[in-house]
Amino acid sequence: MAEDVGFDSQVAAKMVEELRSGFRTGRTAEYEWRVTQLKGLVRMIDERETEIVDALDKDLKKPKMESFLHEISLVRSSCLMALKQLKQWMKPVKVPSLLAAHPSSSYIVSEPLGIVLVISAWNYPFLLSLEPVVGAIAAGNAVVLKPSEIAPAVSSLFADILPKYVDNSSIKVVEGGVAETTALLEQKWDKILYTGNSRVGRIVMTAAAKHLTPVVLELGGKSPVVVDSISDLKVAANRIAVGKWGCNNGQACIAPDYIITTKSSAPLLVDAFKFALEKFYGKDPQESKDLSRIVNSNHFARLARLLDDDKVSDKVVHGGQRDEKRLFIAPTLLLDVPLDSLVMKEEIFGPLLPIITVEKIEESLDIINAGAKPLSAYLFTKDKKLEENFIKNISAGGILVNDTTLQVASPHLPFGGVGESGMGAYHGKFSFDTFSHKKAVMSRGFGGDLPARYPPYTPQKQKLLRGLLSGSILALISAIIGWPRIE
Amino acid sequence: MGFMESVELDSLVEELRNTFESGKTRSFAWRKAQLKSLLKLLEEKEEDIFMALHKDLGKHHVEVFRDEIGVLIKSVNYALDNLKSWMAGKKAYIPLAAFPSSAEIVPEPLGVLLLFSSWNFPIGLSLEPLIGAISAGNAVVLKPSEIAPASSEFLAKNIPLYLDNKSVKVVQGCQKVGEQLLQYKWDKIFFTGSSRVGRIVMSAAAKHLTPVALELGGKCPAIIDSLSSSKDRQAAINRVVGGKWGSCYGQVCIGIDYLFVEEKFVSVVIELLKATIKRFYPKREYMTKIVTKQHFQRLSSLLKDPEVAGSIVYGGSLDSDALFIEPTILVNPPLDSEIMTEEIFGPLLPIITLKNIEDCIGFLRGKPKPLAIYAFTHNENFKKRLIAETSSGSIIFNDAIVQYLCDTIPFGGVGASGFGQYHGKFSFELFSHAKPVLRRNFWTEFTFRYPPWDESKLKFMRLLYRFDYFGLLLLMLGLKR
């Protein structure tokens, strides 16, 4: 384990100072350095896949398929995309010049911010650590990664293998819990990307405010699924089920949190879910190898509390079984839960799926808008009008129609929240952009100076300026013709 | 200035939220109408704006037009011309694994925004972000600076006459009112001002997880390289004088704070500066006053240090009744003196001499990143080095301040000079949420996506993720093991 004994503020300050002097040499800004690091990460993934899968199994009992699909292959694709596109991303972008400043040329240059802090989460501990790191490296920054201590096997794997594949002087792993994170947050960073919950998100932003450090906060919320009265309920149920229980057993920020459907569709939907669940996980889901366990006893107790709420005691229509020793809770469906029940008040982050029923499907929009803006919102419908209405009136990090969770797999879509679900976005080029400073560069010649620009100010000059700023060609011509250079 | 009762603020914020939720501010028609009215305000109330700025800052009306009104007119027109295309969604590419679907990014308003303006360009720095906020379809509270009270009063009186009073509100008041406003939950806060207050704003915003944009300041250096042609030298000095004293008399975030000049040229530069200053400012009326007694005292005290006072080569006289300080040039004040460590924000111009002009790069690395770096040079290699080896909000060659006018480049800081960029389309994006929307249909189903998972499904997924179409086809045909 590479953890320093007593990683306190002093140690953190020294580390940041080292990183800063390293950054100042300009090493991390070089194209070759960035490429070498990204290639190193790809090699690490290819050579250590088994160890990564084992660590994920140890921390989360994550099914091999999920480890591959949702963590390893996504990071690998990210690295490959960055490697392919980096030259293009790094190119300055020319933009049209200002007529009033003619002759001039203007462009936008992407430059690294400096030292970046990435604080990762426990539920996708591999993905949520490396995806931001890939972006930070691609943009030419030095990085400190703080993996989540709630996934200790992955954390210590990073501390062990990352230094073997990347430049250890500019990319560091700091393991630990609250104390170490606090020590890190006391330092001055050029950007912080935090993935986790809103309570800690506030702490991160408050700490960042002391140094005027910009932040990206990837938080969560209750991602709703609205299911319209459609004939393909089976397909909808499959896609919702795999998005819920097939994503770390519901412990995912973009997992469907709850369903809203019509009273008429509800029984059919419940049947479709039961069918899907049995097909996916067999008659006894505890025997299935394809379900992650609940991460730890704290979260188990939290979820148990949601189930024990009086308001939902008679609403369980499927599942509900628990085994505390094995940190197992069965995929559970709850029907017609009251909106003020505990399970509807907080982000579930587990295998419980409440179904709210309404008379008319349009009512679902009001229910969703009464709550905080979620990270994702899902809609299953064939009704184009409902679809348009939903897209226009539901504010969420991202919206998916007729499927769930796929948006995370597209590097061409920005991934991030809005309102309580977060600020800032990343993935693909958006990662590169979020970890860069877009510097405006404007270059002028020495000629073409308007006397009108300078004092002493006369009414004549004001007239000229008026014309020029309004883009009037005549004014520009007269300015150019009457172009006596100031003596 | 008194402050609003919290009950008044409560109902004001609630009204804005209700208006926003009604969807009124989202329509293209509403946004266009507001922008057009803003244009009318600028055209019809020009004289009133001149008077307010003369009262607050003694600003000459040509300067007001050049730096505030004219710029705003340009910005509103630019927004009107481009609004439709900004509001349209943008299609995004989808990789095979999510086949088949369509994806686009749809911009939506954030909601109810809080804009804090500054005193030095009290109309410009209030309305420029307002243009962006409205273009993006938000409801807004504008809090002008109380240090420019006539301008604040102008806005409080006229905004309701021209803009939709239920969606755009002006809240006047002192610091306490600002603090009260920060207690509410906003969907974004835009702040122009000092780093000290910037920290307070961001800390308050953190409680509600409100994203912020901070337009702060810093010490913007101007680097003057040797220029062989005397015409170019004069043009450069014109622009340096304009960049130092021409906009709000040095009280501007992107103003030139200090100069770098090679030792051997410093006397030539000083002579040119003196002559140009005399020519541009024959009368005091062309020079904006120091805004308050407090700032006057702050600036005077910068000159009190005997070593600093000893480095004055031109100017230095103070008139505390008129809040006037002569354009002042200093050569090599001590680098640890306040005048060289704090943002000056006034008419004092230190010149730092170097043996070799390129040494300025070493000087700048390790200093807080400024809002702008200006360099007057023909040396293309030096330009490349400056771009690559220094960091600032923006970098401008052979001119100063003019970047503020350009709608196509982002305006904003980095590091200590702030974060968040605006102007032109960047304003629209700053005040929007870029929402990805992905659509799938029902009839294509990939069953390998679902549990129970086995090796063949894993193999399939591997190929899919590697976009190995041929391998995929073979597998589907059962030919690959």
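**Exercise 1. Count the disulfides over all chains, and work out why A:Cys253 and B:Cys406 are not in one.**

Step 1: Start with the rule, which asks for a pair of cysteine sulfur atoms within 2.5 Å. By that rule, the count over all chains is zero.

Step 2: Take A:Cys253. Its closest cysteine sulfur belongs to A:Cys247 and sits 9.4 Å away, too far for a bond. A:Cys253 is also buried, at a relative accessible area of 17%; buried means under 20% relative accessible area, exposed over 50%, and partly exposed in between, with a 1.4 Å probe and protein chains only.

Step 3: Now B:Cys406. The closest cysteine sulfur, in B:Cys253, is 16 Å off, again too far for a bond. B:Cys406 counts as buried, with 1% relative accessibility.

A word on the ground rules: this is a predicted model, where local features need pLDDT of at least 70 and side-chain atom pairs count only at pLDDT 80 or more, while totals for chains, interfaces and linings use all residues. Residues are numbered from 1 along each chain as its sequence is written, chains are lettered from A and ligands numbered from 1 in the order in which they are written, and side-chain values use heavy atoms, leaving out hydrogens and water.

**Exercise 2. Sort out which residues of helix H13 in chain A are buried and which are exposed, and find what the buried ones pack against.**

Step 1: Locate the helix. H13 covers residues 384-393 of chain A; helices (H or I, at least four residues) and strands (E, at least two) are DSSP runs, numbered from the N terminus.

Step 2: Pick out the buried residues, namely A:Leu386, A:Glu387, A:Phe390 and A:Ile391. Looking down the axis of H13(A), they fall within an arc of 130 degrees, so they line one face of the helix. The arc is that of the directions from the helix axis to the C-beta atoms. As a reminder, an α-helix has 3.6 residues a turn, so residues three or four places apart point the same way.

Step 3: Flip to the face turned away from the buried side. There you'll find the exposed A:Lys384, A:Lys385, A:Glu388 and A:Lys392.

Step 4: Check the neighbours, with contact meaning heavy atoms within 4.5 Å. From chain A, the buried residues of H13(A) pack against strand S8 (224-227), helix H12 (363-369), strand S15 (376-380) and strand S16 (398-401). Chain B joins in with strand S18 (432-440).

**Exercise 3. Place A:Thr181: which helix holds it, and which residues does it touch?**

Step 1: A:Thr181 lies in helix H6 of chain A, residues 178-185. With 16% relative accessibility, A:Thr181 counts as buried.

Step 2: Skip residues up to four places away in sequence, and A:Thr181 touches A:Ile119 and A:Lys146.

Step 3: For A:Ser231, 50 residues from A:Thr181 in sequence, the C-alpha to C-alpha distance is 50 Å.

**Exercise 4. Describe chains A and B as wholes.**

Step 1: Secondary structure first. Chain A has 16 helices and 18 strands, and chain B has 18 helices and 18 strands.

Step 2: Next, the C-alpha traces along their principal axes. Chain A spans about 90 × 60 × 35 Å, chain B about 90 × 55 × 40 Å.

Step 3: Then burial. In chain A, 63% of the 487 residues are buried; in chain B, 63% of 481.

Step 4: Finish with contacts at a separation of 6 or more. Residues 24 or more positions apart supply 71% of these in chain A and 71% in chain B.
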